[in-house]
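Here are my notes on the model, set out as numbered points for reading beside the coordinates. Please follow them in order, since each term is explained where it comes up.

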Amino acid sequence: MRWVPFFCVCLFAADPNYRALRDGAPTDALRTENVELKRDAGTITLKNGQLAFVRANDRPAIAVFTGNGVFRLKPAIPIEASHLNKVTGTPELEEAFESAVFFFTDATYDEVKSQASAMPVDPRAAGVLKNLRDKLRRDRTYGDIGNVEAELLGEFYNPRRGASFRDYLQGKKYGDLRFFMVPSGALPSVGSPEETGLVNVEPNSDRAGIWYLTHLKSEWAKNIASSSEEKRDIASTHYKIDTEVAKGGDLSGSTEMEFTGVMGGARVLRVDLLPTLRVKRVTDEKGRQIEFIQESTKGDDSFHVLLPEGLEAGKKYMLRFEYDGNKVLRDEGGGNYSVGARSSWYPNVNSFLDHATYDLKFRSPRQYTLVSVGKLISETRDGSNTVSEWKSEIPLAVAGFNYGDFKKKSISDPQSKYDLEVYTTSNVPNVLREFTEGMILTPSAMAQNALVDAENSLRVYQKMFGDAPYGRLAVTQQPQFSFGQSWPTLVYLPVSAFLDGTQRWAMMGAQSFRFTEFIDEVTPHEIAHQWWGHVVGWASYHDQWLSEGFAEFSTGLFLEATRKPADVQKFWDRLQTQITEKNGFGQSANDAGPIWLGYRLDTPKSPGAARRMIYPKGAYLLQMIRMLMRDDKTGDQDFSDMMKDYVKTNLYKNATSEDFVAAVEKHMKPPMDLEGAHNMEWFKREWIYGTDLPRYRLEYSLKTSEDGKVRFTGKLTQSDVSADFVMRVPIYMDFDGRVIRVGSVALRGNMTAPEIAVNLPKKPKRVLLNANHDVLAAENTVKEIL
Ligand SMILES: [Zn+2]
């Protein structure tokens, strides 16, 4: 299929309001003397100077400020103040500026007009506006909101989105600071419903990043702020995707997206699509041609559909997209291809948030194999192509595919009732061949190992978390060396996972040993995402630990079931070190802030901290819950019941951290009721929103009486924590290699618990605290006491 381009470019250019926003010049100005604009947590004071206005949709919509102004931000919640302090050195920001551009659909104009008089437009205003427009159309930057004019258009045409205010200011200290107060979500690309944000955009600066992002002050005051607030215009329900992969890796296709209106009145829809896939045509269910916006790939290239009339909430619709482009698949040599556009190779909305059913059809060169999600319905030859059709009646959060000169190996596992497939190539990609001249590396030789690990992972997870619904899993090789990825029913493993130790040694030397853990763990980690990420999603970046941390925890379960106890010990020790070890600034990852801040934890002084929180600390949080729920007789049964209930309650939904704690609360046991309030508030406060890491010291004696009985007396101290920090700490004893939990102590704040005395049948070899990594402590207490 080849489409004639340029056709629709004229269509969208026709929208006069969009053009006015993109190209309009300031027409009139108001003098500003000590004008104060309060926008949620931000206050803009225009001390002197003027605002020059650009009109669109019969109203002033852009204001260019020249003069002297000050921007102040007073965070709505302590966590944000603390984060701002970490990145800027002050918990409340104050920044002077001499020029700024506001985009607004709120009452800014009327507010200023009531206290200002007209004056001629400052000749500098046009230049300030042009500079910003050039920048937005040239750079794709961190915290980018896409096409701001298209976002504004969406608000013009649907007042139900709420009135917004966006401030791009050229500060004296920070040259490109952007403050957003947008009811439908401040940063759409972040996928969070939070309405207020501050982003520092300084290309090539380590200060660049999201400095502030949270809900409205009014929502916090009313205690209604939530990561699961509904902000969607529409919810996708079904995708019918027809894709043609050309020999060189170019891709063309069409997608029919069925969806339901969520927010009534929506007319401008933001649709995710890789910018190099150029949209040729959009039509609706009536066959009408629909306008759209997709600017050049240099900058603000987000894709927006412009509907002729507003959508009704609850009503079903369909849109059909036709597109083609390159840079989707890259030939890496040796029959290996990398799939560039991970989730944006087809037009979609709310990827990873909506769960939709899929019909997929691929036409691809016959010499290669294409593997997709769902179930293979048919595979036929058509000349030099293979045509394959895939279907998923189970709703999926996202669809993907892999492609290459694959050899397939498959089994049916009667225990997990899963069909398992492994797809590997016979040759490594070019980039690896350079390191290994003369060696013959055949990833397919290791396919059997991957199959066994996949089978064991599924069995272990099904037992603990309940059945995953898909019934099929394809484990596929990708050319990337050190990361994997998981789609429902389809996993990407790095090529390194298919090389044996000798081959890795040949390539990496001593470095390869450090890599061994990653190789051992990548398969169980990615397979765990079938549950954590796909069967149960995560609501926002605040909750990503429910996906990555749970996958990491699951890896620990897999190691318990398949490896020596010492290997499990090493796994948790390593995680503990990643959380607590100090970097060159004397900062541990844990010092960067609470796990709840997710990927925002990466700051100049804590690079890489986010990963260490979301993965290892996330894993520890679940391990702590598991150990609190463990029963001496029934083991993990109660924990398993709770996890199965959590999966059932949140099936195909996106859980928040608070949803998870609610599931724990529902199944909580008396030893977990540490505040006597019959809730798990303490766990949220300490471990999800807090950063305390306790230290423990156990002083004890073992006295043998004349009749041979042994008496243990001990005193346990908790320190380095907030006054209201509560925890239950278990004491273990090692009787000839059998490590048994003999009791636990509840502690509050910095304290030494009353002396404990226990009579023992015999003398233990060792006395241990947290032998099962029951509590994440600042120091590894197992090592300490050994
Ligand atoms: Zn992961």
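1. Leaving aside neighbours within four places in sequence, His238 is in contact with Glu256, Met257, Glu258, Ala356, Thr357, Tyr358 and Asp359, where contact means heavy atoms within 4.5 Å. The model is a predicted one, in which local features need pLDDT of at least 70 and side-chain atom pairs count only at pLDDT 80 or more, while totals for chains, interfaces and linings use all residues. Residues are numbered from 1 along each chain as its sequence is written, and side-chain values use heavy atoms, with hydrogens and water left out.

2. Two residues in that list also meet His238 through polar contacts: the side chains of His238 and Thr357 are joined by one of 2.7 Å, and the side chain of His238 makes another, of 3.0 Å, with the side chain of Asp359. A polar contact is a pair of N or O atoms within 3.5 Å; within protein, one must be able to donate a hydrogen and the other to accept it, and residues adjacent in sequence count only if both atoms are side-chain atoms. Is His238 buried or exposed? His238 is buried, because its relative accessible area is 13%, and buried means under 20%, exposed over 50% and partly exposed in between (1.4 Å probe, protein chains only).

3. His238 lies in strand 11 (residues 234–245); helices (H or I, at least four residues) and strands (E, at least two) are DSSP runs, numbered from the N terminus. Strand 11 belongs to an open sheet of seven strands in the order 14-17-12-11-20-23-22, with mixed pairing, two strands being paired if DSSP finds at least two bridges between them. The edges are strand 14 (277–284) and strand 22 (375–382), each of which pairs on one side only. Neighbouring strands of this sheet are turned by 15° against each other on average, direction ignored; axes are lines fitted to C-alpha atoms, for helices over the stretch in contact, and angles run from 0 to 180 degrees between N-to-C directions. Within the sheet, strand 12 (residues 251–261) and strand 17 (residues 316–325) pair in the antiparallel sense over 10 bridges, and Met257, a contact of His238, stands opposite Leu319 in strand 17.

4. A further open sheet has three strands in the order 13-16-15, with antiparallel pairing, and its edge strands are strand 13 (268–271) and strand 15 (291–294). Here neighbouring strands are turned by 25° against each other on average, direction ignored. Strand 15 is joined by four bridges to strand 16 (residues 303–306), where His304 stands opposite Ile293. Helix 6 (residues 148–157) lies across strand 13, strand 15 and strand 16, and runs at about 145° to strand 13.

5. What are the protein donors of the zinc ion? They are His525 (NE2), His529 (NE2) and Glu548 (OE), lying 1.9 to 2.1 Å from the ion, and their spacing in sequence is H-x3-H-x18-E. Donors are N, O and S atoms within 2.8 Å of the metal (3.2 Å for Na, K and Ca), and since water is not among the atoms, sites may look incomplete. Both His525 and His529 are buried.

6. The largest nonpolar core (a set of buried Ala, Val, Leu, Ile, Met, Phe, Trp, Tyr and Cys residues joined through side-chain atoms within 4.5 Å) has 157 residues, and Trp345 is one of those with the most contacts inside it. Helix 14 (residues 609–629) supplies the largest share of this core, 13 residues. A second, separate core of 37 residues includes Val101, Phe156, Val182 and Leu306.

7. Why is strand 7 (residues 165–171) described as largely enclosed? Six of its seven residues are buried, so the rest of the structure largely encloses the strand. Strand 7 runs antiparallel to strand 5 (residues 93–104), with seven bridges, and also to strand 8 (residues 177–181), with five bridges. Arg166 is the bridge partner of Phe103, and Phe180 in strand 8 is a bridge partner of Arg166.

8. Near the end of my list, strand 32 (residues 695–704) and strand 33 (residues 710–719) run antiparallel and are joined by 10 bridges. Their hairpin has five residues between the strands, and Gly708 takes a positive phi near 90° in it.
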